[in-house]
Amino acid sequence: MREGLAGLTVRGRAFLAAGVTAIACAIVLGQPSLSRVGVLIAALPLVTAFVVGRSRYRLALIRHVTPTLVSAGQQASVRLDLSNEGRTPTGMMLLEDHVPYVLGTRPRFVLEGVKHGWHRHITYQLRSDVRGRFDIGPMTVRVGDPFGLVELGRAFHTTTQLTVTPRTVPLPVIPLSGAWTGSGDNRPRAFAIGSAEDVTVREYRQGDDLRRVHWRSSARVGELMVRREEQPWQSRATLFLDNRSHSHRGQGVASSLEAAVSVAASIAVHLSQRGFTVRFVTANGEDPNTVWHDRSSSLNTGPLLEALAVVDSVQRPTIDSGWLREGNQSGLFVAVLGRMEQIDHPVLRSMLHHASSALALTLDVDAWAARGAGTGTDAAAWLSAQGWSAVSLGPQDRLAAAWQELGRSSTPRGHAATGHVIAGGLR
Amino acid sequence: MSRARAGFGYTVSLGIVAALTTWITLFSWRGFLDQPGRFLAPALFVGLLIAMTGAVGRWLRLPRLVVPLPQLLVGLLYLNYHVAGEASWWMIPNASSLQLCVERIGRSFDTATTYAAPVPTTVPSIVPLLLLGAVLFTVLVDTIACTLGRVPLAGLPLLAIYSLPISVLQEGVPGAVFAMSAAGFLTLVFMHESDRISHWGRPLGQREHANAASGMLGYQRRSGATQRTAVVVGASATALAIVVPLLIPTLNLSVFSGRGPGSGSGDSVKIINPMTDLVRDLKRGEDRLVLTVSTEDPNFDRLRMASLTTFDGTAWRTGERDIKDDQRADGTLPDLIGVDPQVPREEYDYELRATDDLDSTWLPLPLQVSDVDARGDWYYDPDTMDFMSDDQDENTAGMEWSATGVSLQHDKERLRNAPPPGSRLAAEFTNLPDDIPESVEELTKDITRDHETPFEKARALQDFLRSDAFEYDLEAAQPGNDIDTLESFLIDERVGYCEQFASAMAVMARIAGVPSRVAVGFQQPNPTGDRTWEFTSHKMHAWTEIYITGHGWVVFEPTPADRTGNAPGYTRADLPNDDPIEEPSNSGSAAPSNPTAGPNQRPDIPEAETGATAAKDDGFPWLTVLAGIFGLLILLLALGLLPRVLRRAARERRWRSMPPAEAAWEELRATAIDLGLPWPDGRSPRATGASMTGSFAEIAKHQPVRPKKGPSTNPAATAAMYRLVTGVELGRYARTAPGVTEAEAHEDVAVCTEAFRAGVDNRARLRADWLPRSLWSGKPAVSEPALRRQTRDYDDVIDHVG
């Protein structure tokens, strides 16, 4: 009852106030007929509050989002399993799932008179044109009454995450050097000799030859393990994205950072499809989820895209270069760069030093700020002079064409960079 | 909002429900006229017509402000058709029908201002006026509820309809009508809310499949459970509304009613017409004992309650009475009006007692009185010597009073030879409306042609009316005393009862230039013992009084003998040596005179005051309402100021009764609690002070919404706080406390208070001023329960991670 009274709506409060006033006037003026109206108006919200406050319900909610990783522009579907575990039938409930507004309108449902054991599945679709990681939920429940006099608010707590990855475009195949780098902690060992512990095994995957099952490890681990006999050498690539805020221009979806993320995602997908194991590095350093690891490249795209989905601009003056000091080769190095400053040149030189082959896409960021062509071509020229293969990319340029251009200009390291490629550009 | 999406079905059904609700509420106007069906049936029809018009208008998406126009047009067209149908071409009005319609509405307005409710069927009908009201109210309700979508507000016009009879008829509306209108209103609210909900989201639940069917209606019907809840809530609220008011006492404070003792002179009590209800009381009432009289007067025959002195063509009225405070009925009265001291007189004492059934604001008294003693607020009008109370609730029920009656011994010869009265009196009491029918005038002239003096003329008229040509019949008579009724009574039908006889004689006397008035009172008591008499409600009577110079107002009895017995002796020509005043006739002859008299509800003559006529002069007690509102405001103001006053008292008590440091500390704590700041109880003063400095803020002219808080924001306050803490510590723990002076403590508290107030929002400040929490809860506002409440898990929603 007390809770119900606390939940009186404006209408309920107005009714109560009007009713009390009418009763007071009726008493003072001696008009019993008026007090009848007053009692009716005052009793309505009170009775409603009592009825609503008395209702007992226990709603249970399970939310599934499939898939939890979608590309921007694709649909994900959310399935809600609602059930009532309360004893008494519920009154009227207004459910609203709190979905970020970029994912579309919030789904709302009206629930009334559900009995004990009531169960229902509801499905609704989500679609986002903006990358990011979104919380679906929590669902709020508003318990109402038929006259709109009382409204109690409740909320579930759980949320489910939906990751919307950046849009990608398919890229043409270009000759890429720097493949087959065999450094790192996963250098294969000869397993025929030595103890079982030395045997490098991996989980059984569909299609593996049964003769390669390593039974001793399988017995120990509890699931089928197979001996690694395939080529341990990996094609490794490092993808660098400069996400410092002062390197980019523009706001929100139309910013150059978004374009850079989209470019990086396309390249990441392309490289993974080409068989590269890609690690993703931002101005903050290595992303721990996308370091080189022993897994096949197709499994690599998921974490990569997830990492790219949540890339945000960072406020730092310099690019973190800690990951470059490990002394290992970076294999193929692809950098997606924004505006370059003098202070960045040492880091870029260091990158080139670690890379077997270095490609760079420099975004002409000033064009995003609608100030016409700016320093993008200058940066590309500087990089080319240093030994990078670099092209400049404007907001109107097609990435596939630029990538093709990059492939043409890609030369083994140490060769002189060809300025005319840059000049020939993409315009 | 939902207008664009509202389907036709919803629009139509909401409109129809609104119209029906209005119609049902109009049932409370039933008491206004005798045959309410004549008004309710067309009201229903026009209501539905208006509802359909409105639905079509909304469906066509006319602008909201335009929709009422066709509704109003349709309503008025129908009104024209109904009121002046014979002159118009079916529904289409023309000039003559419009003229007729306006004329009839005007006439029904006249009727409404003239007749008391219920208006009889014989007079020009008030149906046109009521129908006009019904059209306007229906359009108003439909516009508010349906077109503007503000359903709860539609309760206001409904309340207006409902309360009109309360203010006019002074009687309640039947519970059934109230319950039905309440149900209609709640249905409207329910439908509106359902529509809102159906637009809010997708329905889930049991009745999901039924929506296909209801979808045709254009809106989603609600599930059984919700409807059940609505019915339960609505029914219980309505039941409460019918039962609870019986338990609510109504004060009816007489303080507000204007004319208390010493409230100054100049207030006038406007009284309309006690006559109008005479027939209703005679016809309907059950014959009940209303009055017992004990007197020595051997000629006791009648008591007068009121005299009707003005005739305006529709009824005899009491006219305006000017009552002053010194005219109280508590002792000796002025001399008898117009009675020559030479007329022999005898005085008798009267003891009168009314039963509870006599609910009259007019005091029944002997014809001529020299002394009246009545307890309560009773006043007399010096021009007529009528005694009346000054408000509705002071009435005669169960009252006892005493009077000294004066019995005059009129000498017949002197009466006959009395000259016509002075011009002032003649002008006032021979005043007649202009439209007296010529037939009546001629008849009067025929009767009085051969008589010279006023007395003879009056006697001729009395003889004429008491002749065999007239028949007394309460049932067959047309009620009323307007001109048309009188004309048909005098010329054609010649059947009537005391009302017609008395008023006809008074009118004719005035035509003949003789000052006259109609008196209403009781006549022919039943003797019940030694010098005691009883009046029953059927003894109510009306007669004529003629002013004779030197004799004052002299009673004439135009009503035939089978009702009233013999005429007063001095008016009889055939018995010149009779007693000057007729012996009271035996009541046995009169009692059967109206054997068919119906039940008499209340012989409450002045009930007429509250009739439809009241709307004109004294319809709504605005003064009372304004006074009531004013009083209520003062009361509210006092209530609102009470916490402040209490808080201030608590503060002063602290400073008075405690050492300054402790008082300051307590005051600071109370201030913090008032402002809703978390004052940590159970810590040392220093720890408390340190924690409280976190709530300080800088005092700025333009307060930000969320000011920066902390000890550093207001160093002065922080220093003051630590001075206070030190003072408290010294007071509590030092062997000899150096003591803090009260002025310093005051100063420090003021500084800290300002710093606290700077740190909270406006709302908290207002609350601290007007509703300080420290008055009733010693606990700080943000105490543990509040924190727990914030994080409390409601166990009625369960999460399962999916």
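These are my notebook entries on a predicted model, taken feature by feature.

**Entry: cysteines**

I searched the whole structure for disulfides and found 0 over all chains. I then looked up two cysteines of chain B. B:Cys146 has a relative accessibility of 11%, so I noted it as buried. B:Cys498 is at 0%, so it goes down as buried too.

**Entry: backbone oddities**

I checked the peptide bonds next. The bond from A:Thr66 to A:Pro67 is cis. Its omega is near -15°. I placed A:Pro67 in the loop that joins strand 1 (59-66) to strand 2 (69-71) of chain A.

Then I turned to positive phi values outside glycine. B:Arg61 has one, at about 55°. I found B:Arg61 in the loop between helix 2 (37-59) and helix 3 (68-83) of chain B.

B:Gln524 also has a positive phi without being a glycine, with a value near 60°. This residue sits in the loop between strand 16 (516-523) and strand 17 (526-529) of chain B. Is B:Gln524 buried or exposed? Its relative accessibility is 0%, so I logged it as buried.

**Entry: salt bridges**

I counted salt bridges over all chains and got 36. I followed up several of them.

In chain A, I looked at A:Asp129 and A:Arg127. They form a salt bridge, and their closest N and O atoms are 3.7 Å apart. I checked the cover on both partners. A:Asp129 has 39% relative accessibility, so it counts as partly exposed. A:Arg127 has 42% and therefore also counts as partly exposed.

In chain B, I picked B:Asp386 and B:Arg304. The closest N and O atoms of this salt bridge are 3.9 Å apart. B:Asp386 belongs to strand 12 (residues 386-389) and B:Arg304 to strand 4 (residues 302-308) of chain B, so the pair ties together parts 82 residues apart in sequence. Are B:Asp386 and B:Arg304 buried or exposed? Both are buried.

My next pair was B:Arg732 and B:Glu662. Their side chains meet in a salt bridge at 2.8 Å, N to O. B:Arg732 is in helix 22 (residues 715-733) of chain B, and B:Glu662 is in helix 20 (residues 660-674) of chain B. The two residues are 70 apart, and the pair links distant parts of the chain. I also checked the cover on B:Arg732. Its relative accessible area is 39%, so I wrote it down as partly exposed.

I closed the entry with a network. Which residues does it link? B:Arg647, B:Arg651, B:Arg654, B:Glu667 and B:Asp674 are joined in it by salt bridges.

**Entry: negative patch**

I looked for charge on the surface. B:Glu347, B:Asp349, B:Glu351 and B:Glu400 form a negative patch there. Which element gives the largest share? Strand 9 (residues 345-354) of chain B does, with 3 residues. B:Glu347 lies in that strand.

**Entry: contacts across the sequence**

I looked up C-alpha separations for three residues.

The first lookup was A:Trp388. This tryptophan is in the loop between helix 9 (376-386) and strand 18 (389-393) of chain A. Its relative accessible area is 3%, so I recorded it as buried. The C-alpha atoms of A:Trp388 and A:Leu352 are separated by 7.2 Å. The two residues are 36 apart along the chain.

B:Pro364 came next. I found this proline in the loop between strand 9 and strand 10 (369-374) of chain B. B:Pro364 has a relative accessible area of 0%, so it is buried. I paired it with B:Phe387, 23 residues away along the chain. Their C-alpha atoms are separated by 7.8 Å.

I finished with B:Arg104. This arginine lies in helix 4 (residues 95-114) of chain B. Its relative accessibility is 25%, so I noted B:Arg104 as partly exposed. How many residues along the chain separate B:Arg104 and B:Val83? They are 21 residues apart, with their C-alpha atoms separated by 7.4 Å.

Key
Residues numbered from 1 in each chain as written. Chains lettered and ligands numbered in written order. Predicted model: local features only at pLDDT ≥ 70, side-chain atom pairs only at ≥ 80, totals over all residues. Heavy atoms only, no water. Patch = residues over 30% accessible without salt bridge, like charges linked within 9 Å, V, L, I, M, F, W, Y side chains within 5 Å. Areas by Shrake-Rupley, 256 points an atom, 1.4 Å probe, with all protein chains shown as cover. Salt bridge = Lys/Arg side-chain N within 4 Å of Asp/Glu carboxyl O. Lys, Arg positive; Asp, Glu negative; His and termini not counted. Charge placed at Lys NZ, Arg CZ, Asp CG, Glu CD. Helix = DSSP H or I, 4+ residues; strand = E, 2+ residues; numbered from the N terminus. Disulfide = S-S within 2.5 Å. Buried < 20%, exposed > 50% of the residue type's maximum accessible area, 1.4 Å probe, protein only.
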